[in-house]
Amino acid sequence: MAQIIVLANQKGGVGKTTTSINLGAALAQAGQRVLLVDIDAQGNATSGSGVDKSVLEQDSYDVIVEHTPLREVIVPTDNYDLVPATIQLSGAEIELAKQPQREYCLKKSLESVRDDYDFILIDNPPALGLMTVNAFTAADAVLIPVQTEFYALEGLGQLLNTIELVRQQFNPDLDVAGILLTMYDGRTNLAKQVAQEVRSYFDDKVYDTIIPRSVRLSEAPSYGQAIIDFDPRSIGAQMYNNLAQEVLKQYGK
Ligand code: ADP
Ligand code: MG
């Protein structure tokens with residue numbers, strides 16, 4: 001049965017989507033069956049996986065709000081299966097609010113495919129609304145990318161509160177998979193200090209792997225490729241492979 005991991009941080013631009021795509025691809029190339037579910041109306045994980053959003057007839061909105069069977073919406077990509085997102089999803093918060101058992105919509109649709117995959121990754125939007133509650137209710141664990149910058153820890157309290165709230169009300173088994181330091185610039189003292197601060201606060205919950213700031217990582221999505229295909233020798237590719245190894249070990253796979 002798949003481990004369901006949601007990439008979440010209500011801050012935008014911390015590396016959720018980049019990590020969804022590249023961890024997903026690295027896990028797949030390590031032999032795992034991976035499904036990536038894009039639930040951000042920006043659809044960056046969708047275009048970054050090489051899928052043209054303009055030709056899609058259905059997306060995760062249909063799955064979550066209209067109860068379209070998830071299998072019908074899956075798009076195969078180079079490395080993993082994808083449930084895409086388009087701008088249609090921007091109306092989902094309001095529509096979700098009207099649903100019976102509105103916190104469980106995503107969980108219910110994922111149950112039908114859970115046995116088909118080893119990992120299901122969910123690329124979460126930068127918000128703590130009902131869509132995020134759906135993702136946290138459906139997931140086994142939350143992987144939190146944190147940008148290695150001055151405001152790194154800001155907002156994490158709120159995120160942890162939301163996780164706690166979902167634990168109490170909808171999903172008692174929800175774990176924090178780990179904190180992932182991203183966009184690390186080893187030339188600056190600030191990055192080193194922030195990394196230390198995050199480690200002293202979260203201790204062994206922080207992944208050993210640190211994702212460096214790398215131009216190649218930011219270029220890959222415009223080619224619709226994961227970094228391990230776009231530039232397999234790059235430091236970004238190595239580090240996402242390392243992260244995949246850590247995650248495999250963590251879940252005994
Ligand atoms: P989020 O999904 O949290 O909003 P993204 O993964 O989309 O964040 O990253 C935000 C921007 O930063 C994107 O343009 C992305 O290409 C770029 N980016 C992400 N990770 C890195 C990195 N390690 N080095 C350089 N640029 C990065
Ligand atoms: Mg994103």
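# Notebook: ligand shell, sheet and a few odd residues

**Ligand 1.** I started with the ligand: 17 residues surround ligand 1, and K16, T17, T18, L217 and S218 come nearest. I then looked up which elements give two or more residues to that shell, and found α1 (16-29), β7 (175-184) and α9 (215-219). Helix α1 has the largest share, with three residues. By residue type I get six nonpolar, nine polar and two charged in the shell around ligand 1. A reminder to myself that this is a predicted model.

**The annotated domain.** I checked the record next. UniProt, in an unreviewed entry, puts "domain: AAA" at residues 3-175. I looked up the make-up of that stretch: over residues 3-175 the chain is 35% helix and 16% strand. The C-alpha atoms at the two ends of the stretch are 11 Å apart.

**The sheet.** I wanted the strand order. Eight strands make an open sheet, and I read them off as β3-β4-β2-β5-β1-β6-β7-β8, with mixed pairing. At the edges sit β3 (75-76) and β8 (206-212), each pairing on one side only. Helix α8 (residues 189-202) packs on this sheet and touches β6 (141-147), β7 and β8. The direction of α8 makes about 170 degrees with that of β7.

At the β3 end, I found β3 and β4 (residues 81-83) pairing in the antiparallel sense over two bridges. P76 is the residue opposite D81 in β4.

**Strand β5.** Which strands pair with β5? I found β1 (residues 3-7) pairing with β5 in the parallel sense over five bridges, and β2 (residues 34-38) also pairing with β5 in the parallel sense over five bridges. For register, I noted Q3 opposite F119 in β5 and V37 opposite I122 in β5.

Then burial. Strand β5 (residues 119-123) is mostly covered, with five of its five residues buried. I sorted the side chains by direction: F119, L121 and D123 point one way from β5, while I120 and I122 point the other way. I wrote down D123 in particular, a residue that counts among the buried ones here.

**Strands β6 and β7.** These two run parallel and are joined by seven bridges. I144 stands opposite I179 in β7. I also counted burial along β7: eight of its 10 residues are buried.

**Helix α6.** I asked how much of α6 (residues 130-138) is covered, and the count is eight buried out of nine residues. The buried residues are M131, T132, V133, N134, A135, F136, T137 and A138.

**Y80.** Buried or exposed, I wondered, for Y80? I located Y80 in the loop between β3 and β4. Y80 has 25 C-beta neighbours inside 10 Å, so I call it buried; the cut-off for that is 20 or more. I looked for what Y80 touches, leaving out residues up to four places away in sequence, and got G24, A25, A28, V34, L35 and L36. For A25 I took the distance too: Y80 and A25 are 55 residues apart in sequence, yet 6.7 Å apart in space, C-alpha to C-alpha.

**G48.** I placed G48 in helix α2 (residues 44-48). G48 counts as buried because it has 24 C-beta neighbours inside 10 Å. Beyond neighbours within four places in sequence, G48 is in contact with T17, I21, P221 and G224. One of those, T17, is also among the residues that come nearest to ligand 1. I then took a long-range distance: G48 and A226 are 178 residues apart in sequence and 7.6 Å apart in space, C-alpha to C-alpha.

**Positive phi outside glycine.** Two entries to close on.

- Q101 has phi near 50 degrees, a positive value in a residue other than glycine. I found Q101 in the loop between α4 (92-97) and α5 (105-111). Q101 has 10 C-beta neighbours inside 10 Å, so I count it as exposed; the limit there is 12 or fewer.
- M183 has phi near 55 degrees, again a positive value in a residue other than glycine. M183 lies in strand β7. I put M183 down as buried because 21 other C-beta atoms lie within 10 Å.

Conventions: Residues are numbered from 1 along each chain as its sequence is written. Chains are lettered from A and ligands numbered from 1 in the order in which they are written. This is a predicted model: local features need pLDDT of at least 70, side-chain atom pairs count only at pLDDT 80 or more; totals for chains, interfaces and linings use all residues. A residue is near a molecule or strand if its C-beta atom, placed from the backbone, lies within 6 Å of it. Helices (H or I, at least four residues) and strands (E, at least two) are DSSP runs, numbered from the N terminus. Ala, Val, Leu, Ile, Met, Phe, Trp, Tyr, Cys and Pro count as nonpolar, Asp, Glu, Lys and Arg as charged, and the others, Gly among them, as polar. Two residues are in contact if their C-beta atoms, placed from the backbone, lie within 7 Å. UniProt positions are given in the numbering used here, feature names are shortened, and annotations may be inferred rather than shown by experiment. Two strands pair if DSSP finds at least two bridges between them. Axes are lines fitted to C-alpha atoms, for helices over the stretch in contact, and angles run from 0 to 180 degrees between N-to-C directions.
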